[in-house]
Amino acid sequence: MELGMIGLGRMGANMSERLVRAGHRVVGYARTAESVQRVVRFGADGARSLSELVEKLAPPRAIWLMIPAGDPVDQTLQALVPLVRAGDVIIDGGNSYYKDTIRRASMLKEHHINFVDVGTSGGIWGLTEGYSLMIGCEREVVSRVRPIFETLAPGADRGWGHVGPHGAGHFVKMVHNGIEYGMMQALAEGFTILKRKREFGLDLHQVAQIWRHGSVVRSWLLDLTAEALQSDQDLSDVVPFVADSGEGRWTVFEAVDLDTAAPVITLALMQRLRSRDQVAYADRLLALMREQFGGHEVKRGQ
């Protein structure tokens, strides 16, 4: 099967390479010629424009977007609509907000263009391990691009599935990432406690390796944590600034809308936001409050 891939960052390029290795034809397009050449080197065809990408694909076409959420997706879809034909399939495999996905599906339906949202997990390891794919669209559309999903997933019969109508794929991926926030935060806090118990002189890499086998907390995240701790347990060259892609906060907003308690995910998000507070104004004000009511000492810098 052939597929157009728009967006050839590390993940998009890896997905393209996995498809090419399996015998699929991939036509890749990105804003930079360097990104396009990266996929051409392992056997994909390159395109210098969206129109050239569409021309190189035989209808009915399948085009996968692997680009940042938000305006870039809307702009790309608006550019594609005049180029594609009725019956073509456009797949958004990025981290789009599910409500935007529902709106986009409705817009494309007016042009008789099929839209598929695919929550994609796997990161940089997907090339070798496969990707977890959460798919939202009409069920009959899935069968048309099924060979693509079977190739990208860890196996033809596992790691992927049609989870519901338009928006469901991105919704499930959103909650997946919220859960990921909580799991990462728990591991980070646990290893911090271990490190602070200095009198035991614990080897954090050794502990992580022990937990990887037989423990109820064993996981891929723990595997990656063990690898990260192997060479540097002090992490002295890592700036304590944790970014987020937006899906954690969307999960929290959804929990509020659904009157559903999600304290772990919410606190994990708050910790990420706190990591970016270079001024720590709230902590400064707390210190002054303690001074005002109790005469407690305030540490003052230069």
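1. Start with a term. A residue is buried when its relative accessible area is under 20%, exposed when that area is over 50%, and partly exposed in between. Now apply this to M289. Its relative accessibility is 43%, so M289 counts as partly exposed. Keep in mind throughout that this is a predicted model.

2. Where does M289 sit? M289 is found in helix α13, which covers residues 281-294. M289 also belongs to a nonpolar surface patch of about 720 Å². The other residues that make this patch are V279, Y281, L285, L286, L288 and F293.

3. Turn next to the inside. In soluble globular proteins, nonpolar side chains tend to be buried together. Here the largest nonpolar core has 31 residues. Which of them touch the most other members? They are M5, W64, V116, V118, I135, F149 and L152. Several elements each supply at least two residues of this core: the strands β1 (2-6), β4 (62-65), β5 (89-92), β6 (114-121) and β7 (132-136), along with α1 (10-21), α2 (33-40) and α7 (139-152). The most comes from α7, which gives six residues.

4. Look closely at I135, one of the core residues just named. Leave aside its neighbours within four places in sequence. I135 is then in contact with V116, D117, V118, V142 and F149, and also with W160, G161, H162, V163, G164 and G169. There is a second, separate core as well. This second core has 21 residues, including I6, V54, I63 and F115.

5. D88 deserves a check. D88 is found in the loop between α4 (71-80) and β5. Is D88 buried or exposed? Its relative accessibility is 2%, so D88 counts as buried. A polar atom of the D88 side chain lies 2.8 Å from the backbone nitrogen of R61. Neighbours within four places in sequence aside, D88 is in contact with P59, P60, R61, I113 and N114.

6. Now the charged pairs. Side chains of opposite charge can pair when their charged atoms come close. How many salt bridges does the structure hold? It holds 19. In one of them, the side chains of R48 and E52 meet at 3.2 Å, N to O. R48 counts as exposed because its relative accessibility is 73%. E52 has a relative accessible area of 16%, so E52 is buried.

7. Another salt bridge joins the side chains of R103 and D74, at 3.3 Å, N to O. This pair links distant parts of the chain: R103 is in helix α5 (residues 98-109), D74 is in helix α4, and they are 29 residues apart. R103 has a relative accessible area of 41%, so R103 is partly exposed. Salt bridges that share partners join D74, D100, R103 and R104 into one network.

8. One more pair to find: D244 and R249. Their side chains meet in a salt bridge of 3.1 Å, N to O. R249 counts as partly exposed because its relative accessibility is 29%.

9. Finish with R212, in the loop between α9 (204-211) and α10 (220-229). Its relative accessibility is 26%, so R212 counts as partly exposed. The R212 side chain makes a polar contact of 2.7 Å with the side chain of Q209. Leaving aside neighbours within four places in sequence, R212 is in contact with R218, L222, D223 and A226. A255 is 43 residues from R212 along the chain, and their C-alpha atoms are separated by 31 Å.

Terms used. Residues are numbered from 1 along each chain as its sequence is written. This is a predicted model: local features need pLDDT of at least 70, side-chain atom pairs count only at pLDDT 80 or more; totals for chains, interfaces and linings use all residues. Side-chain values use heavy atoms; hydrogens and water are left out. Patches are made of residues with over 30% relative accessible area and no salt bridge: like charges are joined within 9 Å, nonpolar side chains (Val, Leu, Ile, Met, Phe, Trp, Tyr) within 5 Å. Accessible areas come from the Shrake-Rupley method with a 1.4 Å probe; for residues, only the protein chains shown count as cover. A salt bridge is a side-chain nitrogen of Lys or Arg within 4 Å of a carboxyl oxygen of Asp or Glu. Helices (H or I, at least four residues) and strands (E, at least two) are DSSP runs, numbered from the N terminus. Buried means under 20% relative accessible area, exposed over 50%, partly exposed in between (1.4 Å probe, protein chains only). A nonpolar core is a set of buried Ala, Val, Leu, Ile, Met, Phe, Trp, Tyr and Cys residues joined through side-chain atoms within 4.5 Å. Contact means heavy atoms within 4.5 Å. A polar contact is a pair of N or O atoms within 3.5 Å; within protein, one must be able to donate a hydrogen and the other to accept it, and residues adjacent in sequence count only if both atoms are side-chain atoms.
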